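Hi everyone, thanks for making the time this morning. I'd like to walk you through one protein model, so please have a look at it with me.

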Amino acid sequence: GSYSSSSDQEDGKEKVIKKPKKKRDRPTPKKKAPKKEKKIEQKALKKSFASSEINYKSKNTLITELLSRWWYSLPPWPPADFDYEPLLKEKSLRKVNSLMWNLEPELDESNRKRVFEIEGFEGIFKDSEGSTYDLRPKEGCPCKSKLKEKDHQELSQLLNKAFQNQLTELVQGPAYDPVSQSKIVSELKEKIKRLQRIYSSLVNSEN
């Protein structure tokens, strides 16, 4: 039956002392799925290890690597002082400042269409219909056909220069993403070592 004491009997009512409930076993918490960041880090690591497998004995490999960072070792292109006005005139175009775009007529008195230079893409212009005009000079353009004319030794030297300058910029510049940046730095150092090793072995074999 129930258990009671004198203090439990008030107003002729008997209080029932309830037995404490047993605590239920809590289910084991599920393991959290791996975070997206970890997957990204693993990919970056795989990529950095893969860099040691790049075949720098191949001219095509040297050219591909150089084209992805040509501005670190080749002359600036297009030249900063290149005059686009004759080419614009030849195509019946006129350059208009983007701030003055809405104030300028579509055609001027010489029937030249208004265009503006795309920000960040010097020498490329766009008109009001969305058509683009690439007026950059062909001379000095960093392209595969031009680089194929160079020998293996020159390509190796240009690529090494590009790697070194890119590395310097990363190390001395601000670290916006320290984790990713350190991975890229490690990858570049590995590429430089491998390239220099291949280059030395080829030079020694020729002597």
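Let's start on the inside: of the 22 residues in the largest nonpolar core, which ones touch the most other members? They are Tyr56, Leu66, Leu159 and Phe163. Before I go on, please keep in mind that this is a predicted model.

Where does this core come from? The elements giving two or more residues to the core are α2, covering 59–67, α5, covering 152–172, and α6, covering 178–206. Of these, α5 gives the most, with 7 residues. If you are new to this, here is some background: in soluble globular proteins, nonpolar side chains tend to be buried together.

Now to the sheet. Four strands form an open sheet, and if you read across it, the order is β3-β4-β5-β6, with mixed pairing. At the edges you find β3 and β6, the latter being residues 132–134, and each of these edge strands pairs on one side only. On average, neighbouring strands in this sheet are turned by 35 degrees against each other, ignoring direction.

What does "mixed" look like here? As a reminder, strands of a sheet pair through backbone hydrogen bonds, either parallel or antiparallel. β3 and β4 take the parallel option, over 3 bridges. β4 and β5, residues 124–127, run antiparallel and are also joined by 3 bridges.

Let's pick one residue and follow it both ways. Val115 in β4 stands opposite Lys95, and in β5 the bridge partner of Val115 is Asp127. A little further along, Glu117 stands opposite Phe125 in β5.

How do β4 and β5 connect? They form a hairpin, with 6 residues between them. In that turn sits Gly120, which has a positive phi of about 85 degrees.

That brings me to a question for you: which residues other than glycine have a positive phi? Ser92 is one of them, with phi at about 55 degrees. Ser92 is found in the loop between α3 and β3, and at 38% relative accessibility it counts as partly exposed. Asn111 is another, with phi near 65 degrees. Asn111 lies in the loop between β3 and β4, and it is exposed, with a relative accessible area of 52%. Why does Asn111 count as exposed while Ser92 counts as partly exposed? The cut-off for exposed is over 50%, so Asn111 passes with its 52%, whereas Ser92 has 38%.

While we are on backbone details, please find Trp77 and Pro78. A cis peptide bond joins these two, with omega at about -5 degrees. Pro78 is in the loop between α2 and α3, where α3 covers 85–90.

Last stop: the surface. Which residues make the nonpolar patch of about 370 Å²? The patch is made by Leu99, Met100 and Leu103. Met100 is in the loop between β3, residues 93–95, and β4, residues 113–117. Met100 has a relative accessible area of 40%, so it is partly exposed.

To wrap up, we went from a nonpolar core of 22 residues, through an open sheet of 4 strands, out to a nonpolar patch on the surface. Thanks for listening, and I'm happy to take questions!

How values were computed. Residues are numbered from 1 along each chain as its sequence is written. This is a predicted model: local features need pLDDT of at least 70, side-chain atom pairs count only at pLDDT 80 or more; totals for chains, interfaces and linings use all residues. Side-chain values use heavy atoms; hydrogens and water are left out. Patches are made of residues with over 30% relative accessible area and no salt bridge: like charges are joined within 9 Å, nonpolar side chains (Val, Leu, Ile, Met, Phe, Trp, Tyr) within 5 Å. Accessible areas come from the Shrake-Rupley method with a 1.4 Å probe; for residues, only the protein chains shown count as cover. A salt bridge is a side-chain nitrogen of Lys or Arg within 4 Å of a carboxyl oxygen of Asp or Glu. Buried means under 20% relative accessible area, exposed over 50%, partly exposed in between (1.4 Å probe, protein chains only). Two strands pair if DSSP finds at least two bridges between them. Axes are lines fitted to C-alpha atoms, for helices over the stretch in contact, and angles run from 0 to 180 degrees between N-to-C directions. A nonpolar core is a set of buried Ala, Val, Leu, Ile, Met, Phe, Trp, Tyr and Cys residues joined through side-chain atoms within 4.5 Å.
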